[in-house]
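Thank you all for coming. Before I start talking, please take a moment to look over the sequence and the structure on the screen.

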Amino acid sequence: MATFLKKPLKLALVQLASGADKAVNLSHARSKVLEAAQAGAGLIVLPECFNSPYGTQYFPKYAETLHPSPPTKEQSPSFHALSAIAAEANAYLIGGSIPELEPETKKFYNTSLVFSPTGSLIGTHRKTHLFDIDIPGKIKFKESDVLSPGNELTVIDLPEYGKIGLAICYDIRFPESAMIAARKGAFLLVYPGAFNTTTGPLHWSLLGRARAVDNQTYVALCSPSRDLEATYHAYGHSLIADPSAGILSEAEEKETIIYADLDNDTIVNTRKGIPIYTQRRFDVYPDVSGEGSK
Ligand SMILES: O=C(O)CCC(=O)C(=O)O
């Protein structure tokens, strides 16, 4: 039997309430991650921009420098806090995302840091697709006013469990990156994200379930909780979908932790039942960019 997930995994998503004080956000994240670890979670996820309010006006103020790696505590308090929290929790930790400043180019990125249970950095992802939308009368947002996009897709090996695909929020709208991660053997696609009260109800759950059904992997979407005092109203509704696109667990708007138990058999049996994995026709569509087709 194919092995994607080497042993059962309890996954926890922390739908964190964050405010303007970074130090408070970091210590609050610590207590929620430790709570999840106490409950038996082996992989714990924080939301997009978990240590700051979300918005282009906040990115420069909250940005931290990650290179050369490892940064000093002054350069990146969040790097050091996340590393220490992962070690204290003795769990894999996906540190949502933080605004990053690359010192040489002076470019800003939206970056996720992933730590092992010993507190070592084992992967990073810079948001590849920036959130630039304009729905008249509803929401206009232009991350590219401040941020630059990362230029790499990210698959991270968690040695005890297997591979995960990692991307951030708007990245979920691009199925290609999810498919590449799944074809590289990922058992889980993780998206720290902060949808809003316009696109959240329309697309959040749909996109999470779509990526699951496309790829027959588990999918996890981790949002901040909703704060109506903030300039940006996050949707909340963190959720975990199974490889058949069933929802295993979903939060409401408030701060909470959701959990699900993941196992290899569910992936294998889903793929046996509907074997799209062996039915793909790369002879017909070798290049999904469309450039090579008639
Ligand atoms: O795609 C959306 O509707 C929301 C995306 C978003 O909030 C983000 O990328 O931060």
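I will go through the ligand site, then some salt bridges, a hairpin and a surface patch.

Please keep in mind that this is a predicted model, in which local features need pLDDT of at least 70 and side-chain atom pairs count only at pLDDT 80 or more, while totals for chains, interfaces and linings use all residues. Residues are numbered from 1 along each chain as its sequence is written, and side-chain values use heavy atoms, with hydrogens and water left out.

Let me begin with the ligand. The residues around the ligand, meaning those with a heavy atom within 4 Å of it, include E48, Y54, K127, R173 and Y232. Looking at polar contacts (pairs of N or O atoms within 3.5 Å), we find a ligand oxygen 3.1 Å from a side-chain N or O atom of E48, and a ligand oxygen 2.6 Å from such an atom of K127. R173 also places a polar side-chain atom 2.7 Å from an oxygen of the ligand. Taken alone, the ligand exposes 290 Å², and the protein buries 100% of that, where areas come from the Shrake-Rupley method with a 1.4 Å probe.

E48 and K127 also meet each other in a salt bridge at 2.9 Å, N to O, a term that requires a side-chain nitrogen of Lys or Arg within 4 Å of a carboxyl oxygen of Asp or Glu. Since E48 lies in the loop between β2 and α2 and K127 in the loop between β6 and β7, the pair ties together parts that are 79 residues apart in sequence. Both residues are buried, which here means under 20% relative accessible area, with exposed being over 50% and partly exposed in between. E48 and K127 are linked with E143 in a network of salt bridges.

The whole structure has 14 salt bridges, and one of them joins K10 to D261 at 3.3 Å, N to O. K10 sits in strand β1 and D261 in strand β15, 251 residues apart, strands being DSSP runs of E with at least two residues and helices runs of H or I with at least four.

Now, how do β7 and β8 run? They are antiparallel and joined by 4 bridges, where pairing needs at least two. Within this hairpin, I133 stands opposite F141, and G137 takes a positive phi near 80°.

Finally, F282, V284, Y285 and V288 form a nonpolar surface patch with about 370 Å² of accessible area together. V284 counts as exposed because its relative accessibility is 52%.

Note on methods: Patches are made of residues with over 30% relative accessible area and no salt bridge: like charges are joined within 9 Å, nonpolar side chains (Val, Leu, Ile, Met, Phe, Trp, Tyr) within 5 Å. Buried means under 20% relative accessible area, exposed over 50%, partly exposed in between (1.4 Å probe, protein chains only). A polar contact is a pair of N or O atoms within 3.5 Å; within protein, one must be able to donate a hydrogen and the other to accept it, and residues adjacent in sequence count only if both atoms are side-chain atoms.
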